[in-house]
Amino acid sequence: MSVQQANLAAFLAEIEGALGTGSVNQAAETLARYGEHTLPGSDNPPSAVVYPASTADVQAVVRAANSHRVSLYPISTGNNIGLGSRSPNAAGRVVVDLGRKMNRILEVNDTLAYAVIEPGVSYQAMYDELVRLGNRLMLDVTSGPPQGGMLGNALDKGAGYTPYFDHFGFSCGLEIVLPDGEILRTGDGALNSANISNWHTSKYSFGPILDGLFAQSNYGIVTRMGIWLMPRPPVVRSFHFTFDEDDDLEQIVDLCRPLKLSNFVPTLFRVTNDLYSCGSEGESTEYRKSNGKRSISHEARRALRQKHGVGAWNVSGAFYGASNAAIEPMIERVRNHFGQSGKARYISHEEASEIAPLQIAINAFSGIPGVGELGLLKWRPGGGNTWFLPGTPMIGKVANEFQQLCRNIYAEHGLDYMVMNVCSARFCRGLHVLSFNREDEDERSRALGCYRKMAEEVAKRGVFVGRAPIDFHEFHMSQTILPFQDVCATIKRALDPNGVIAPGRDGIP
């Protein structure tokens with residue numbers, strides 16, 4: 001037995017003794033399942049999985065990892081599909097599955113509109129609880145699975161589409177187990193008092209704002225988070241426009257920008273291309289004609305648009321109000337604004353509710369979790385799916401140049417260009433879906449090459465990603481300036497000198 005194996009065995013024995021029977025799992029099928037993901041790279045099976053049930057359990061796990069020099073990889077619910085799922089960033093780590101047992105909604109405050117959650121609380125669980133409590137509050141949901149973890153998504157800088165779209169920005173007050181096993185509470189939670197009133201309502205308490213250190217990092221394990229919720233409006237009414245040409249994106253972005261700068265439209269704009277919209281409805285019929293070697297043809301794209309009632313680009317937003325009558329003048333103003341283009345075809349809320357890809361947008365604006373966009377996983381056989389997430393300024397000419405660039409790179413690699421541009425006032429995040437046959441080595445290689453080339457090309461033009469698949473954490477960190485890398489590494493050494501928490505995650509040693 002090697003030293004590493006001996007250390008692992010001693011660590012697991014200590015954990016089982018401290019946390020109890022069933023807290024450690026090394027079954028072959030379990031390790032295989034936790035190592036799976038949808039990315040082009042190989043699976044990364046862990047050496048074991050442990051299941052803490054409390055913050056105290058997490059402290060015990062971290063302290064034992066330090067004693068036995070074992071590398072941990074914490075996850076919340078493990079549904080980060082397209083970015084790594086529950087897989088560690090390297091084989092042999094011990095996965096700390098926080099979500100299996102730490103899945104309580106600790107508080108819902110109706111008066112101040114916030115909740116306090118553990119890592120295992122999913123969007124579906126929170127939605128169900130809010131409905132049970134009278135449906136007076138509304139959460140912001142993502143394009144991911146309803147079983148995705150709210151805490152994990154916020155820490156990975158995930159976002160949605162309502163006015164509360166910024167999930168980390170709308171978090172307030174963290175509890176973190178540091179790499180030495182001590183507990184840190186941020187914001188008012190740091191107050192040395194047995195009675196803390198504002199932990200989850202006051203973001204800017206005295207002293208440095210430390211919360212951001214624990215987003216996209218490996219500096220600690222977050223075990224509790226406050227999240228702000230939106231009062232559910234009496235009426236949600238969406239509006240939609242289709243545009244027929246790929247290069248219409250330039251005009252679309254310039255039309256969206258003033259409506260968001262003034263915040264006249266309270267939601268973000270979802271601007272989906274035809275394949276992102278139609279891809280949620282199932283497998284490409286063109287794939288087998290070229291055995292996945294070529295991108296879908298223009299003729300096939302047009303046929304899909306006609307079949308599903310969508311355009312080359314599809315713009316969706318929504319208003320909230322006391323009644324349909326109160327909202328109607330705002331809808332009319334938006335119709336007139338987009339009508340100036342001479343290209344936009346208006347689709348009403350009622351019509352959109354009969355068009356499956358647009359109903360997905362309505363659900364998102366209404367804070368209702370759904371599985372609609374998971375259909376993108378079926379676009380090509382073999383289950384391969386990864387996401388490329390750059391952003392551009394809200395300037396139409398710039399955004400269109402980037403879509404032309406990325407569309408051509410997809411075509412060079414024989415992949416189908418699928419993207420949703422999520423537009424705010426000054427910034428547009430491009431959710432690029434790379435769907436590929438993971439069982440085909442050539443397609444895996446092409447997907448890997450496509451991602452890397454896009455990342456390199458947009459970086460040359462001054463654009464960076466907001467999130468990244470685990471296969472590319474180290475690569476993206478290498479794209480940053482050395483002082484940034486040095487500061488990240490210095491903080492890691494200071495907080496985690498033994499490197500026990502997810503070494504290499506987010507590109508931090």
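Hi all, this is a quick walk through one sheet and some charged side chains in this structure. What we have is a predicted model, where local features need pLDDT of at least 70, side-chain atom pairs count only at pLDDT 80 or more, and totals for chains, interfaces and linings use all residues. Residues are numbered from 1 along each chain as its sequence is written, and side-chain values use heavy atoms, with hydrogens and water left out.

Okay, the sheet. It's an open one with four strands in the order β1-β2-β4-β3, and the pairing is mixed. Strands here are DSSP runs of E, at least two residues, and helices are runs of H or I, at least four, numbered from the N terminus. Two strands pair if DSSP finds at least two bridges between them. Which strands stand at the edges? That's β1 (24–25) and β3 (72–75); each has a single partner strand, so one side of each has no neighbour in the sheet. β1 runs antiparallel to β2 (residues 48–50), joined by two bridges, and Asn25 sits opposite Val49 in β2.

Now, salt bridges: a side-chain nitrogen of Lys or Arg within 4 Å of a carboxyl oxygen of Asp or Glu. The whole structure has 27. Take Arg132 and Glu129, which meet at 2.8 Å, N to O. Both belong to helix α4 (residues 123–132), three residues apart, about one turn. Is Arg132 buried or exposed? Exposed, because its relative accessible area is 59%, and the cut-offs are under 20% for buried, over 50% for exposed, partly exposed in between (1.4 Å probe, protein chains only).

In helix α6, Asp254 and Arg257 also form a salt bridge, 2.8 Å from N to O. Asp254 is partly exposed at 30%, and Arg257 is partly exposed at 26%.
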